[in-house]
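Visitor: Please give me a close look at a single part of this structure, with the cut-offs behind each term stated as you go. I would rather have one connected account than a list.

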Amino acid sequence: MSLFIGIIGLPNVGKSTLFNALTRAQAEASNYPFCTVEPNVGMVEVPDERLVRLNEIIKPETCTPTHIRFVDIAGLVRGASRGEGLGNRSLGHIREADALVHVVRCFEDDRVASVGGGVDPVRDVETVGAELILADLESAEGALQRLRKAGLRAPEKREQDVVSRVVSELEQEVPVRALDLSEDEQRVIKGYHFLTGKPVLYLANVGEEDVPGGGAYAERLKACCGPDRVLVISAQIESEIAQLPPEDREVFLSDLGLEETGVERLILAGYRLLDLITFYTVANEKLRAWQLVGGTPAPEAAGKIHSDMEQGFIRAEVVSYGDLAAAGDMDRLREAGKIRTEGKDYPVQDGDVVRFLFHV
């Protein structure tokens, strides 16, 4: 399964422009509210220099990178949770997202209408945050009513207690991600896909004149949300970069004082937000990269490929990317004894090249 990121924000903040830059698609992007009616969905290949090098060394028949699925929904407005604008219809499209990117307007432009009346990133974050809380509260209250009618058997009672706590905290405008839930409690409510339980990265969409520093509006956003959770990007510039031939992009970035595109920084930030790593497999002349949460045991990593591999896991043969890149040949590593055998407790590491052995 690919990483799934939902793109949210008020209307006219640059979401669709960003989506076009990410996917090189042609989603409608206009200066009036709700130009995005149905969600825009795009798959974006994750840049991976290690995979390029492995492809050169191993020379497989096929080479498959990891991807991120981005879904850009209609702009939210005050009252979205009650159906204002495109309301809950849009929110339903991102219920199962792994994380959210909240695009916040941090640029002045008289040609682009501002739904809230003037540029105010803090107000906009609060508006969208409040709507997500209200949407979760409606969902949690409905679930709690159903659970109370279902009786008091142990599993339902446990679930009822956790959902009841969620309702109480949401009523106090506390998002689910801010609750100090145990691992067991998190498992109990995992299936509810609470919007406020998802990690959020705030994207300050700035004007060209504020690249790369960010400007005053981006600084206000960082002060509100924390500098580690804010990424500064100009969606318009990224859209222009996406249309350039590869050989011209480096020059364009250099002229702007940038080392890499905002799209690349966004993808990497998404990995950091969810503590993801990349590991690689080679089987049947196929080289493939896989996304995985850091610290995942080898059997669960095998399960990313196929459930039978997790259930029948025997052991894993592992070599680090660094060793393989340096040796330039798998046979040399085998002769040098650098291909390790790992068991069920081994946490797969970023850059591992793995061969899983299992029984059917």
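**From the first loop to the helix packing**

Guide: Asn12 lies in the loop between β1 (3-8) and α1, where helices (H or I, at least four residues) and strands (E, at least two) are DSSP runs numbered from the N terminus. This is a predicted model, in which local features need pLDDT of at least 70 and side-chain atom pairs count only at pLDDT 80 or more, while totals for chains, interfaces and linings use all residues. Residues are numbered from 1 along each chain as its sequence is written, and side-chain values use heavy atoms, with hydrogens and water left out.

Although Asn12 is not a glycine, its phi is positive, at about 65 degrees. At a relative accessibility of 11%, Asn12 counts as buried; that term means under 20% relative accessible area, with exposed meaning over 50% and partly exposed the range in between, for a 1.4 Å probe and protein chains only.

On the other side of this loop is helix α1, which spans residues 15-23 and packs with helix α8 (residues 235-242) at an angle of about 30 degrees, their axes being 8 Å apart. Such axes are lines fitted to C-alpha atoms, for helices over the stretch in contact, and the angles run from 0 to 180 degrees between N-to-C directions. The helices α1 and α8 are therefore roughly parallel to each other, given that angles under 35 degrees count as roughly parallel, over 145 as roughly antiparallel, 65 to 115 as roughly perpendicular and the rest as oblique. The crossing in which α1 passes α8 is left-handed, a word used if the near helix is turned anticlockwise from the far one by less than a right angle, whereas clockwise gives right-handed.

On the α1 side the contact is made by Thr17, Leu18 and Ala21, and on the α8 side by Ala235, Gln236, Glu238, Ser239 and Ala242, contact meaning heavy atoms within 4.5 Å. Sorted by class, the contact of α1 with α8 has four nonpolar, three polar and one charged residues; here Ala, Val, Leu, Ile, Met, Phe, Trp, Tyr, Cys and Pro count as nonpolar, Asp, Glu, Lys and Arg as charged, and the others, Gly among them, as polar. Within this contact, Ser239 of helix α8 deserves a second look: with 13% relative accessibility it counts as buried, and, leaving aside neighbours within four places in sequence, Ser239 is in contact with Thr17 and Ala21.

Helix α8 also has a contact with helix α9 (residues 246-256), and here the axes come within 10 Å and cross at roughly 155 degrees. The helices α8 and α9 are therefore roughly antiparallel to each other, and their crossing is right-handed. From α8 the residues Ile237, Glu240, Ile241 and Ala242 meet Arg249, Phe252, Leu253 and Leu256 of α9, a set that divides into six nonpolar, no polar and two charged. Ala242 thus appears in the contact with α1 and again in the contact with α9.

A further helix pair can be set beside these. Helix α4 (residues 121-149) packs with α7 at an angle of about 45 degrees, with axes 8 Å apart, and α4 and α7 are therefore oblique to each other. Pro121, Val122 and Val125 in α4 meet Tyr217, Arg220, Leu221, Cys224 and Cys225 in α7, and the residues of this contact divide into seven nonpolar, no polar and one charged. Helix α7 (residues 215-225) also holds Ala216, which is exposed with a relative accessible area of 59%; the C-alpha atoms of Ala216 and Cys106 are 8.3 Å apart, although 110 residues separate them in sequence. In the loop between α7 and β7 (230-233) is Pro227, which counts as exposed at 57% relative accessibility.

One more positive phi completes the picture that began with Asn12: Glu285, a residue other than glycine, has phi near 65 degrees. Glu285 is found in the loop between β8 and β9 (286-293) and, at 45% relative accessibility, counts as partly exposed.
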